[in-house]
Amino acid sequence: MPKVRAAMAQTGSRLGSGLRRLGGSPAARRARTALAPAARRAAAGARRTGRALRSRPSRVLYVVLAGLAAGYLGLLLGGRVVTPVGPTNVQLALQPSLHGGTSLELPPIGALRLDTHWGPLALEAKLTEVRPDEAQRLIEDDVELTRVTDQIADQLRVGVKDLLVRAAVLALAASFIATLVLFRSWRRALLGMGSAAAGMAAVLALTWSTFNPRAISEPRYTGLLANAPQVVGDAQNLVDRFSAYREQLAKLVGNVSELYATTSTLPVYEPDPSTIRVLHVSDIHLNPAAWNVIDSVATQFQVDFVIDSGDLMDHGSEAENEFANSIEDLDVPYVYVRGNHDSAETAEAVAEQDNAIVLDDETREVEGLRVYGVGDPRFTPDKSTRDDHVGGGQLYAQGAVLAEKLREARANPDIAVVHDPTEGKAFSGLTPLVLSGHTHKRSTELLPTGTRLSVQGSTGAAGLRGLEHEEPTPFELSVLYFNRSSKRLQGWDDLRLGGLGLTSAQIERQLEPDPDRAIQPRPPAIAPPSSPISPFPSEWPSDWPSRTPSPPPSPSPFGASPRTSDPGGG
């Protein structure tokens, strides 16, 4: 071992001598001379940075940041309390969030999301227990439901107050202890606690200034489809009782109590009797699974009738007509207009169903609502005709002619149904609501005249086309709520279905901002031709859509060849 240490010492001595000789070489001296200014500047910058970091403003900033961070963690840890709400126990908790809001978790039924406020904290209410005896009394006795109305509001108020007090106390304590441990100064600990208090005041002011009282009437539901109507309630009922928060809370607790108190079968959903409920579907495209979806939603929401804005089939062939037989299995009227994938034979097959109403430039009263419908003038699958080259201008022109005919007859409908929204816009100013489909993409637009144009997605998930994308096209349909007296749309639930067995649902409630707004009539955008009444070439078959070849077209009264209408639709 001594020999090894001696050898290592000798090696180190030789290396040191070599480095000293190298350091004294002319090249090393020149390198040191060139790098010396940069080294001095770096050293000076480091000294200035150190002085800045050790300055009083920097130390104060560190304390404030530490106090805010510890206070925020204290809010999350302390913001948790269990409070009784009617026949249930609810856990209230503060959660970190980028957008704020309130969520009501109802395991295993689903969840309601409300856009109540904006901020870094969200309020989560989670149902933890239902007391069966109290829930049963609430279900069976209307007087009991009235009695607990004030009680529920007081219980929630007390629970939220306890939550905020606990969260604030723990936030202040956490900020004080954290800054005391980090900086070992009582004054800095008090400064950290003060910064946490200022942060909480800022969050409270932000929540108060962005609070949206309308949010309780526009919930978004995610969960099991079968439970959706009981949880979200009825849109018309929520509109009428908008100002009575306590009654709404009692209604929600009653709905939840019904769900939890019944183990084998779901309770019967009883919507507001003053509401007409209409199910809007479109673009089923020969998907048999759509009938299960439609039947389930129609049953759960107890709709009064269904409106189908076209494209029931894929090719409009005779072999597909049997698909329409499932309409008769629905227990409600089925109003249908032809789409560009539906033939005249398709419309005849639908008309053969006992509960079906086929509309083609006519108005029918259905469950108290006047519904006008017209079939699409095209038949896209039949390539022997020019029908798939009909442009957006021609579609709008036909709609304008039909709308003008209704105006002259003073036969304004409550709802107009077309397949293509391009044609639907021609009915603006004639009716409060136009329903359409075709694009496979849901949207809604309030036109300048006050008419709402509602475009449905695909209730058949676009048929086989829905599998062409990375994610399958969802099943989309909507429940529309009309006031039985005014015949005006009050609100709607947009349903988006998916998951195994189509049992999961996302439902977003929308309320009509001004249901009784005036509809401004307007003159047609184009002058209707005197003869024939159709804006399309007179040489084409008069019973559009035709399954037979068309003769060469005569010059179009609309000028040069127009653009094709939305090729992305179905």
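A crossing of two helices is called right-handed if the near helix is turned clockwise from the far one by less than a right angle. With that in hand, here are some close-ups of this predicted model.

**View 1. Helices H3 and H6 cross in a right-handed sense.** Helix H3 covers residues 56-78 and helix H6 covers residues 186-209. Their axes lie 7 Å apart, and the packing angle is about 55 degrees. That angle makes H3 oblique to H6.

**View 2. A closer look at the contact between H3 and H6.** On the H3 side you will find Arg 59, Val 60, Val 63, Val 64, Gly 67, Leu 68, Gly 71 and Leu 75. They meet Arg 188, Leu 191, Gly 192, Ser 195, Ala 196, Gly 199 and Met 200 of H6. Sorted by character, the residues of this contact comprise 8 nonpolar, 5 polar and 2 charged.

**View 3. An open sheet is built from 6 strands with mixed pairing.** Following the sheet across, the order reads E11-E12-E13-E14-E16-E15. The edges belong to strand E11 (362-366) and strand E15 (443-446); each has a single partner strand, so one side of each has no neighbour in the sheet. From one strand to the next, the twist averages 20 degrees.

**View 4. At one edge of the sheet, E15 pairs with E16.** In general, strands of a sheet pair through backbone hydrogen bonds, either parallel or antiparallel. Here E15 and strand E16 (residues 452-455) run antiparallel and are joined by 4 bridges. To pick out one pairing, look for Ser 443, whose bridge partner in E16 is Val 455.

Notes. Residues numbered from 1 in each chain as written. Predicted model: local features only at pLDDT ≥ 70, side-chain atom pairs only at ≥ 80, totals over all residues. Heavy atoms only, no water. Axes fitted to C-alpha atoms, helices over the stretch in contact; angles between N-to-C directions. Helix = DSSP H or I, 4+ residues; strand = E, 2+ residues; numbered from the N terminus. Parallel < 35°, antiparallel > 145°, perpendicular 65-115°, else oblique. Contact = heavy atoms within 4.5 Å. Nonpolar A, V, L, I, M, F, W, Y, C, P; charged D, E, K, R; others polar. Pairing = 2+ DSSP bridges.
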